[in-house]
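Welcome! Please take a moment to look over the sequence and the model shown here before reading on.

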Amino acid sequence: MITAKARAVFGLNEPFKTTTIERRDLGPKDVLIDIKYCGICHSDIHHVRGEWRKETYPLVPGHEIAGMVAAVGSEVTKHKVGDRVGVGCMVDSCGECENCKKGQEQYCLKGSTMTYGATDRYGMTTYGGYSTQVVVTEGFVLKIPEGLKLDSAAPLLCAGITTYSPLRHWGAGPGKRVAVVGLGGLGHMAVKLAHAMGAEVTVLSHSAGKQDDALRLGADHFQATGDPEAFKNLAKSFDLIVNTVSAKVDLDAYLSLLALDGTMVNVGAPGESMSLNAFSLINGRRSFAGSVIGGIPETQEMLDFCAAHGLGADIEVIAADKIDEAYARVLKSDVRYRFVIDIATMAGLEEAE
Ligand code: NAP
Ligand code: ZN
């Protein structure tokens, strides 16, 4: 077994502690990655706060992984030692079902193996990227193109692909009016990507103070949602709404902003159910949809798109002993716009008793 240092929680809402975890020995198709940076996604926070399900411990989150290849198995052809690589939310899937064959591994009919908190095909619990090293089968390792910095590329592996995929699927581009709800990790990437695709972008935010940032990131318009007139003024004005909010929202209010045949796609994943009134859809032949990350081929396409357009995440790099503080700020919508852990700072941390 390969041992790695990690930051983990050992119970519901407990603070992070330093620990040692085991990674499997390198199989013929495996890649050993020295992790350099790992982004903090709000999904990590949902897990740590037990908002989605009952977790097993230790829980090592992190699915926005950027690093360098340290070793490869004997049959690996896609990657070599020293390559700059990334790993996102999945580390494996069945590879045989119709969705996997289409490169839509995130919709694997047998269920893809999540980067942390899952049981892999070897019967081992998966641990995420708040860690010094990880072993991943080569097909789930992405190439980080030259021109992208590793630290600001890390969040592309989840926040980037989760917004790129629905923007592409629902045709964001010239002539399309796209609204992004929530300017956080996902939201700020949605703005950059939709703008780069040529769409007209509006940010809908409950934080009035984010207007300047929204426009700098590429939005054409900004609307504070606390303003009671906001929803009336913007009625029937968007072709696509990407909702990235981590909490419950008033779906009917947002659906009223869709033009004829418009779609609201939820990528935000609050633990609580949301309801909507049928008339919000019937009027205007509107659709309400969801989307989860993106497949491996599309994730590589997104990374290449970001390199071609000079896009990375806006990040605040933190030391590995500052994760709890970062979570508290994300929960207050006070992230500008993704925290990224500098994994090198784990070297100085003592293992907890
Ligand atoms: P984040 O950085 O915390 O951003 C969420 C943003 O939503 C906040 O910055 C805030 O923006 C807004 N918001 C938060 N609480 C709100 C509230 N109570 N009312 C209204 N607006 C609120 O989170 P993230 O990392 O972008 O993740 C967002 C959600 O997407 C999470 O639920 C996460 O689990 C989910 N997610 C889904 C996928 C997928 O595949 N579908 C992948 C990754 C993450 P403003 O200040 O601008 O309002
Ligand atoms: Zn994520």
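The report below looks at the ligand, the nonpolar cores and one loop residue.

## Around ligand 1

A good place to begin is the ligand. Bear in mind that this is a predicted model. There are 30 residues around ligand 1, and those that come nearest are Leu183, Ser205, His206, Ser207 and Arg338. Sorted by class, this shell holds 13 nonpolar, 15 polar and two charged residues.

Where does the shell come from? Both domain 1 (2-158 + 313-348) and domain 2 (160-290) provide at least three residues each to the shell around ligand 1. Looking at the helices, you will find that helix H1 (42-48) and helix H5 (185-196) each give the shell at least two residues. The largest share is that of H1, with three residues.

## Polar atoms facing the ligand

Several pairs of atoms are worth finding in the viewer. Leu183, one of the residues that come nearest to ligand 1, has a backbone N or O atom 2.7 Å from an oxygen atom of the ligand. Lys210 uses its side chain instead: one of its polar atoms there lies 2.7 Å from an oxygen atom of ligand 1. At Val267, a backbone N or O atom sits 3.0 Å from a nitrogen atom of ligand 1. As for cover, ligand 1 taken alone exposes 920 Å², and the protein buries 89% of that.

## The nonpolar cores

Next, turn to the protein's interior. Its largest nonpolar core has 92 residues, and Ile40, Tyr130, Leu167 and Leu193 are those with the most contacts inside it. Helix H5 makes the largest contribution to this core, six residues. You met H5 earlier, as it also supplies at least two residues of the shell around ligand 1.

Where does this core lie with respect to the two domains? Domain 1 (2-158 + 313-348) and domain 2 (160-290) both contribute residues, so the core lies between them. There is also a second, separate core of 13 residues; among its members are Ala179, Phe238, Ile241 and Val249.

## A residue in a loop

Finally, have a look at Asp25. Asp25 is found in the loop that links strand E2 (17-23) and strand E3 (30-39). Is Asp25 buried, exposed or partly exposed? Its relative accessibility is 47%, so Asp25 counts as partly exposed; the range for that class runs between 20% and 50%.

To get a feel for distances in the model, compare Asp25 with Gly147. These residues are 122 residues apart along the chain, and 32 Å separates their C-alpha atoms.

Technical notes
Residues are numbered from 1 along each chain as its sequence is written. Chains are lettered from A and ligands numbered from 1 in the order in which they are written. This is a predicted model: local features need pLDDT of at least 70, side-chain atom pairs count only at pLDDT 80 or more; totals for chains, interfaces and linings use all residues. Side-chain values use heavy atoms; hydrogens and water are left out. A residue is near a molecule or strand if one of its heavy atoms lies within 4 Å of it. A polar contact is a pair of N or O atoms within 3.5 Å; within protein, one must be able to donate a hydrogen and the other to accept it, and residues adjacent in sequence count only if both atoms are side-chain atoms. Accessible areas come from the Shrake-Rupley method with a 1.4 Å probe; for residues, only the protein chains shown count as cover. Helices (H or I, at least four residues) and strands (E, at least two) are DSSP runs, numbered from the N terminus. Ala, Val, Leu, Ile, Met, Phe, Trp, Tyr, Cys and Pro count as nonpolar, Asp, Glu, Lys and Arg as charged, and the others, Gly among them, as polar. Domain bounds come from an automatic or database domain assignment. A nonpolar core is a set of buried Ala, Val, Leu, Ile, Met, Phe, Trp, Tyr and Cys residues joined through side-chain atoms within 4.5 Å. Buried means under 20% relative accessible area, exposed over 50%, partly exposed in between (1.4 Å probe, protein chains only).
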